[in-house]
Amino acid sequence: MKRIGVFTSGGDAPGMNAAIRAVVRAGIFYKKEIIGIYRGYEGMIEGDFVPMEVRSVSNILQRGGTMLKSARSKEFLTKEGRTKAFEQLKKMKIDGLIGIGGDGSFAGMHHLYLEHKMPYVCIPGTIDNDIPGTDFTIGYDTATNTAVNAIDKIRDTALSHNRLFFIEVMGRDSGYIAINSGIAGGAVAIIIPEEETSIEELIEKLDASGSQNKTSSLVIVAEGGKSGSAMEIAKKVQERFSYFDTKVTILGHLQRGGTPTYFDRVLASKMGVAAIEGLEAGQTDVMVGIVHKEVIFNKFDEIMSQPKDIHKDDLRIAKILSI
Ligand code: ATP
């Protein structure tokens, strides 16, 4: 393998730049040519390529977002779109791919591999931490820290006014950001997609904390929860429960941006090097993961057949501490 294409795809995540840098530098270290592909699969279909040198990735390690830009591509979901992308890769003499993104991006690479035998390694980059086969995905640590910082600030105003705040955090169908920002932020309740929470249960919990003279309460709601959005839950609670003045804050995209934490930079750096070394060693149709500090390569089919569950102990701890 001589020429490797690198791209970012799906939602951006802090630490993607650190991963690009590691892929470019490790690639050059191992005497490969590295080609950057702009805007994920969109840019691949259009042939939006740029040769990368050691200095192309100077000064990006500490930056959020992705220097290669990211995109979601409808066209790549079709066989014809993927054939166009493959033709562009062939024209550019790219003979291996490293893509940084979530499970959708991984599925895209898998299809390109099945249809055109394009070898690839996927690097898991998503703030949601919803991919099995790795303890953490790139961006999750930073996003959770950002959520905790915001929760701390909201607590100050909640305390000053006897307010009940519902704070909605990101994570799509995964409660990782919610459960861990909830534990770190001292939430009275955490509502996650992996667990049913009825409005009755929630009101009971709030009643109990109210009767124990709590002067503020924070409820963390994961965006993909089955009980509804933070706005809907807050409305139902306010109708039944007048002790507190109820407010809602949706943290939204601010969790996506910002300087990556040391943890995400190191994770991204390790995964970037592992992806290059994996491709060189003949790994393909895999996602690199780090489990208990060890680098592993997970086959696409294995990953897609297992759910990434919330750590049960996290739930237990959150409940013990929220009395
Ligand atoms: P995030 O978790 O941050 O949203 P993601 O990689 O899961 O990241 P998606 O929008 O699901 O984000 O996927 C990114 C792109 O990957 C899509 O726009 C599409 O072009 C491609 N893709 C997704 N699923 C498939 C699939 N099943 N087959 C082919 N390509 C796919």
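User: In what order do the seven strands of the open sheet follow one another?

Analyst: In this predicted model, seven strands form an open sheet with mixed pairing. Its edge strands are β3 and β11 (294-299), each of which pairs on one side only, and neighbouring strands are turned by 30° against each other on average when direction is ignored. Read across the sheet, the order is β3-β2-β1-β4-β5-β10-β11.

User: Which residue in β2 does isoleucine 4 stand opposite?

Analyst: Strands β1 and β2 run parallel and are joined by four bridges. Five of the six residues of β1 are buried, so this strand is largely enclosed by the rest of the structure. Across from isoleucine 4, in β2, stands isoleucine 34.

User: Which residue in β5 is the bridge partner of isoleucine 100?

Analyst: The strands concerned are β4 and β5, which run parallel and are joined by five bridges. Within β5, the bridge partner of isoleucine 100 is isoleucine 123.

User: Why can α1 be called largely enclosed by the rest of the structure?

Analyst: Helix α1 covers residues 16-29 and reaches 20 Å from its first C-alpha to its last, close to the 20 Å expected at 1.5 Å a residue. Its buried residues include Met16, Ile20, Arg21, Val24 and Arg25, and a residue counts as buried if 20 or more other C-beta atoms lie within 10 Å of its own. The helix is largely enclosed because the buried residues number 12 of the 14.

User: At about what angle to β1 does α1 run, as it lies across the strands?

Analyst: The buried residues of α1 pack against β1 (3-8), β2 (33-37), β3 (49-52), β4 (96-101) and β5 (120-124), and also against α9 (262-280). The helix lies across β1, β2, β3, β4 and β5, and its angle to β1 is about 175°.

User: What phi does lysine 31 take, just after α1?

Analyst: Helix α1 itself comprises residues 16-29, and lysine 31 comes just after this helix. The phi of lysine 31 is positive, at about 65°.

User: Which helix gives the most residues to the shell around the ligand?

Analyst: There are 18 residues around the ligand, and those that come nearest are Gly10, Gly11, Arg72, Gly102 and Gly104. By character, the shell divides into four nonpolar, 11 polar and three charged residues, where glycine is counted among the polar ones. The helix that gives the most to this shell, with six residues, spans residues 103-116 and is α4.

Note on methods:
Residues numbered from 1 in each chain as written. Predicted model: local features only at pLDDT ≥ 70, side-chain atom pairs only at ≥ 80, totals over all residues. Helix = DSSP H or I, 4+ residues; strand = E, 2+ residues; numbered from the N terminus. Expected span 1.5 Å × (residues − 1). Contact = placed C-beta atoms within 7 Å. Near = placed C-beta within 6 Å. Pairing = 2+ DSSP bridges. Axes fitted to C-alpha atoms, helices over the stretch in contact; angles between N-to-C directions.
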